[in-house]
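User: I've got this one open in the viewer and want to check the labels against their criteria. Can you walk me through it?

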Amino acid sequence: MVNTRRPRVLIIGGGFGGLFCARRLAGADVDVDVTLLDRAAGHLFQPLLYQCATGTLSIGHISRPLREEFARHRNVTTLLGEAVSLDPKLRQITALRPDETTFTLDYDVLVVAAGMQQSYFGKPHFAQWAPGMKTLDDALCIRQRLFTAFEIAETLPPGPERDSWLTFAVTGGGPTGVELAGQIREVATRTLANEFHSIEPEDARVLLFDGGDRVLKSFAPDLAAKATTTLRKLGVELHLGVHVTDVGRSGVTVTPKSGGPQEQYEARTVLWTAGVEAVPFAKHLSEVLDIPADRAGRLQVEPDLSVTGHPEIFVIGDLVGRDNLPGVAENAMQGGLHVAECIRRELVGKPRRKYRYRDLGSAAYISRGKALLQVGPIKLSGFVGWVAWGVLHIAFLTGVRNRVSTVATWLATIARAGRYHRAFMLGNDTAIEQRYTWSTGDQQAPPG
Ligand SMILES: Cc1cc2nc3c(=O)[nH]c(=O)nc-3n(C[C@H](O)[C@H](O)[C@H](O)COP(=O)(O)OP(=O)(O)OC[C@H]3O[C@@H](n4cnc5c(N)ncnc54)[C@H](O)[C@@H]3O)c2cc1C
């Protein structure tokens, strides 16, 4: 009997990799049924998370419901759920619903695009004091802590306690740490400058810690030097060549890499951007499929991005551990398109191709009117870099509505010092440890 069923492609993760793979397979020319499973309901544009955290953009600007994205495509089903286990013999994934019940999904081809999460280098308890910067929850948590710190300081008399509320420690001098540190100084010196009576918001100290000898190591040294000058002019205090070795309620302890005594910095707001590690599902895959993983948990794959011994399983994006592929959106998008192309070619009897990553450069926002863009030999900085950075980010934002409203919001923010998405809630202070609310109603505390 001839099997006339269309191949089922299951994609885990609707980030950059999963989204681009699903988009390509959603085209009418590929005869497959696609299921896109994500533990979040929307695609998140991580490169602008810091603007959401610091009140320039809303969560709606930087995320788009996956269901809306694929509403017009009959061959794509989007589902909310967290993949928790794989049975490679049955070709079946078990997923958790937010209420902690489970369901299963069968596949013919599996594409794993589940990305990375924040790493605290074996000290997960730091997360309680120092939120990371990977999810919408993180951005809202940072926004709450940032603006609350100024509010608390306003109610305190001058002295060390008030100073510690007006001190912000950022760990990690990569693009995210640099962007956050710069934005906090801009909030202090522009947005909040004339709004308080007791404190002077511009007195807020922003300390940026990194173990290297310069910030933005992925950029050319001359561009990184320009960024350093801009950050210093903004008032960001750079502490290089140090590791943050402890984080607590009142601040951080740092240890010089070259040895020497530890130092304490009193800072009631600590933000962590220092490292990433694979999401827990990747560890499960590594065990079940016997795939070697690197120290951060990235999975080793074949040149076509499939798993050794399992040509029906692909890994793409940040989770790929081969050829030192960078953890950037472009690699995830290209990986998604590559796998979709492999699937399409096999359907018409053609062999797969090897994955080839084309480096299209990197960009980082430093401050209002200043950004870096590096594409091969082209290096832009200052105002020109800022314009190029803006065009690039708008081009990759998901959804026309998000693009239009983001541009409008940016123009308004440029024209006036205000930030229009500063609203924050004071609620459950354990929320940062609980990335998703996968709990049933009957587990909630009884009223009263
Ligand atoms: C703050 C920040 C700023 C950045 N800035 C830039 C930048 O300027 N330029 C650049 O190129 N890159 C940047 N990056 C990196 C870029 O965002 C990543 O490289 C890219 O998102 C990786 O895509 P991905 O598809 O591999 O994973 P992700 O985009 O992280 O997507 C993974 C998806 O999988 C889902 N998921 C995870 N586990 C499961 C599970 N078990 N079951 C179901 N779903 C699951 C998640 O909810 C998520 O939607 C930045 C990253 C961050 C965090």
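User: Into which domains is the protein divided?

Analyst: Keep in mind that this is a predicted model. The split is domain 1 (8-118 + 277-348), domain 2 (124-274) and domain 3 (361-421).

User: What makes domain 2 and domain 3 count as touching, with 22 Å between their centres?

Analyst: The 22 Å runs between centres, taken over C-alpha atoms, but contact is judged residue by residue, with C-beta atoms within 7 Å. By that test, 17 residues from domain 2 and 14 residues from domain 3 take part. On the domain 2 side, helix 7 gives the largest share, 7 residues.

User: Which domains does the shell around the ligand draw on?

Analyst: Domain 1 and domain 2, with at least three residues from each. A residue is near the ligand if its C-beta lies within 6 Å, and 34 residues surround it, with Gly 13, Gly 15, Gly 17, Gly 115 and Gly 317 coming nearest. Helix 7 is among the elements giving two or more residues to this shell.

User: How do you know that strand 7 and strand 8 pair?

Analyst: Pairing takes at least two bridges; strand 7 (residues 92-96) and strand 8 have 5, in the antiparallel sense. Leu 96, for instance, sits opposite Thr 102 in strand 8.

User: And why are strand 6 and strand 8 at the edges?

Analyst: The open sheet runs 6-7-8. Strand 6 (82-87) and strand 8 (102-106) each have a single partner strand, so one side of each has no neighbour in the sheet.

Technical notes:
Residues are numbered from 1 along each chain as its sequence is written. This is a predicted model: local features need pLDDT of at least 70, side-chain atom pairs count only at pLDDT 80 or more; totals for chains, interfaces and linings use all residues. Helices (H or I, at least four residues) and strands (E, at least two) are DSSP runs, numbered from the N terminus. Domain bounds come from an automatic or database domain assignment. Two residues are in contact if their C-beta atoms, placed from the backbone, lie within 7 Å.
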